[in-house]
Amino acid sequence: MKKFILVICAFAMSAQLYAENLRVFVAASAKDAMTEVTSAFLKTRKNDNIELSFGSSGKAYQQFSQGLEYDLFFSADSKYPAQIVKDGQAAGEPHVYVLGVVALYALDSKFLDGGVAALKAKEKQIKHLSIANPKVAPYGVAAEEILKNLKIFDVFESRIVRGDNISQAVSFVDSGAAEVGLVAYSLLSDPNKRKNAVIVDSALYHKMEQSFVITKHAAKSALAKEFSDYITSGKADEIFKKYGFGTPAR
């Protein structure tokens, strides 16, 4: 009996010895989708752990470049992963995991009629328009691009409220701090929110190739490589699509 217990203890210690932990940054736009993708991946890896941190891509890149360690970096664009490679801080090349989709979001359906192209006609009714801060969030860059391409940026510039990340831009609309918002469609997967959204024509903003990279901190990590492979698999694509993302050709 004692021998049996010793064997079980040795097995448990061995399992813990080979367990891995990953520290992963994820752009706020992919929070819901990546949470589900990660849970699905870990179903067969009970001893491993993946810690997800969410926020704006720009702020996370600044923190990473100042010494905050992430094993994988999932951005809302391709710019920051490419910069991590350029900085010599990557363990490989970036990969596109999803294509971002921008939506017009409003709790009052009257602001959705006619989509984003009809916003100018409703300018007197719109006191605040919510977007993410373009200085640190790629979805904020896309939002400003949309407004400028429609030639209505000057109309709404003084009424724009900028969230620290795209999740906060959504919350501004939810709280009533803004009548409308240009946000990530992926954060509106709840049926009650999705009915309050209209997808913006992708021709109005540059293609949002949301990319990720394994950093130098996980250069020798088998878990990082396997997680990376799963992220670019058909199984993960199905989950990402459910949240409203486009997926690249594999």
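This short talk goes from the whole chain to one helix, then to the largest pocket, and ends at a single glutamate.

Before anything else, please keep in mind that what you see above is a predicted model. The chain has 250 residues, and buried residues make up 47% of them. Ten helices and ten strands are found along the chain, and its C-alpha trace spans about 80 × 40 × 30 Å along the principal axes. If we take the contacts with a separation of 6 or more, 76% of them are between residues 24 or more positions apart. The accessible surface comes to about 12,500 Å², and carbon and sulfur atoms hold 53% of that area.

Let me turn to helix α3, which runs over residues 57-65 and in which S57, G58, A60, Y61 and F64 are buried. Where do these residues sit around the axis of α3? They lie on the same side of the helix, because the arc they cover is only 165°. As for what covers the buried residues of α3, the list includes three strands, β1 (21-27), β2 (49-55) and β3 (72-74), together with the helices α4 and α5. Just after α3 comes G67, whose phi is positive, at about 120°.

Now to the empty space in the model. Rolling a probe the size of a water molecule over the atoms shows where such space is left. The largest pocket has a volume of about 210 Å³. It is lined by 17 residues, of which D77, P138, V141, A142 and M208 are the closest to its centre. Two elements give two or more residues to this lining, namely α4 (79-86) and α5 (138-149), and α5 supplies the largest share, with four residues. Sorted by class, the lining of the largest pocket has nine nonpolar, six charged and two polar residues. Helices α4 and α5 therefore appear twice in this account, as part of the cover over the buried residues of α3 and, as I have just said, in the lining of the largest pocket.

I will finish with E145, which has its place in helix α5. Is E145 buried or exposed? With a relative accessible area of 19%, E145 is buried, because the cut-off for that term is under 20%. Leaving aside neighbours within four places in sequence, E145 is in contact with L204, Y205 and H206. From C-alpha to C-alpha, E145 and P134 are 9.9 Å apart in space, and they are eleven residues apart in sequence.

Notes: Residues numbered from 1 in each chain as written. Predicted model: local features only at pLDDT ≥ 70, side-chain atom pairs only at ≥ 80, totals over all residues. Heavy atoms only, no water. 1 Å grid on protein atoms, 1.4 Å probe; cavity = no way out; pocket = protein on both sides within 12 Å on 5 of 7 lines; lining within 4 Å. Points joined across faces, edges and corners; volume = space filled by probe spheres on them. Nonpolar A, V, L, I, M, F, W, Y, C, P; charged D, E, K, R; others polar. Buried < 20%, exposed > 50% of the residue type's maximum accessible area, 1.4 Å probe, protein only. Contact = heavy atoms within 4.5 Å. Areas by Shrake-Rupley, 256 points an atom, 1.4 Å probe, with all protein chains shown as cover. Arc of directions from axis to C-beta.
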